[in-house]
Amino acid sequence: MQPTATVLVYSDDANTREQVRLATGRRPAPDAPQVEFLECATPAAVLKELDRGGIDVCVLDGEAVPMGGMGVCRQIKDEIFECPPVLVLIGRPQDAWLATWSRADAAVTLPVEPVEFASALASLLRRKSALSA
């Protein structure tokens with residue numbers, strides 16, 4: 001497994017980005033790589049970073065303004081070749097169908113619950129690692 005993984009975190013809310021960092025810690029699970037975060041506050045910044053490459057997983061805030069993470073997810077799944085796995089943060093459990101519409105690989109509710117979030121992120125990192133091997 002690679003020594004570090006780069007996780008892009010998109011949210012216009014610095015508190016949400018902090019919740020993601022704190023829930024992940026240095027690594028989301030013992031068998032997952034250490035994580036480095038790349039934070040973006042705008043959809044344009046997300047696209048710019050994905051075009052650069054090197055992103056292992058995206059965490060997108062479905063409640064972000066001006067464009068929610070589900071809209072960003074659908075766009076990047078259409079536009080980015082070999083788009084990394086996406087974890088969408090949703091406002092309520094009933095929004096899970098929207099996460100499916102956006103083609104997100106996983107979804108967890110806000111506020112970030114550390115155990116649930118870390119488990120979902122670790123699962124996506126493992127899957128990404130298995131596909132790369």
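User: Helices (H or I, at least four residues) and strands (E, at least two) are DSSP runs, numbered from the N terminus; in which loop does E82 lie?

Analyst: This is a predicted model, in which local features need pLDDT of at least 70 and side-chain atom pairs count only at pLDDT 80 or more, whereas totals for chains, interfaces and linings use all residues. Residues are numbered from 1 along each chain as its sequence is written, and side-chain values use heavy atoms, with hydrogens and water left out. On that footing, E82 is found in the loop between helix 3 and strand 4 (86–90).

User: Is E82 buried or exposed?

Analyst: Buried means under 20% relative accessible area, exposed over 50%, and partly exposed in between, with a 1.4 Å probe and protein chains only. The relative accessibility of E82 is 63%, so this residue counts as exposed.

User: What is the phi of R103?

Analyst: Most residues other than glycine have a negative phi. R103, which sits in the loop between helix 4 (96–101) and strand 5, is partly exposed at a relative accessible area of 34%. Although R103 is not a glycine, its phi is positive, as is that of E82 at about 50 degrees, and for R103 the value is about 75 degrees.

User: What is the omega of the cis peptide bond from L110 to P111?

Analyst: Most peptide bonds are trans. One cis bond runs from V65 to P66, with omega near 10 degrees, and P66 belongs to the loop between strand 3 and helix 3. P111 belongs to the loop between strand 5 and helix 5 (114–132), and the cis bond that leads into it from L110 has omega near -5 degrees.

User: Which modified residue does UniProt list at D61?

Analyst: D61 lies in strand 3 (residues 57–61) and is buried, with a relative accessible area of 3%. Leaving aside residues up to four places away in sequence, D61 touches Y10, S11, D12, T16, G68, G69, L89 and L110, where contact means heavy atoms within 4.5 Å. UniProt positions are given in the numbering used here, with feature names shortened, and annotations may be inferred rather than shown by experiment. In an unreviewed entry, UniProt lists D61 as 4-aspartylphosphate.

User: How are helix 2 and helix 3 oriented relative to each other?

Analyst: Axes are lines fitted to C-alpha atoms, for helices over the stretch in contact, and angles run from 0 to 180 degrees between N-to-C directions. Helix 2 (residues 43–52) and helix 3 (residues 69–79) pack at about 30 degrees, with their axes 11 Å apart. Angles under 35 degrees count as roughly parallel, over 145 as roughly antiparallel, 65 to 115 as roughly perpendicular and the rest as oblique. The two helices, helix 2 and helix 3, are therefore roughly parallel.

User: Which residues of helix 3 make the contact with helix 2?

Analyst: From helix 2, the contact is made by P43, V46, L47 and L50. On the side of helix 3, the partners are V72, Q75, I76 and E79.

User: How far apart in space are V108 and A41, C-alpha to C-alpha?

Analyst: V108 has its place in strand 5 (residues 106–109), and at 4% relative accessibility it counts as buried. Beyond four places away in sequence, V108 touches L87, V88, L89, I90, E116, F117 and A120. A41 is 67 residues from V108 in sequence, and their C-alpha distance is 19 Å.
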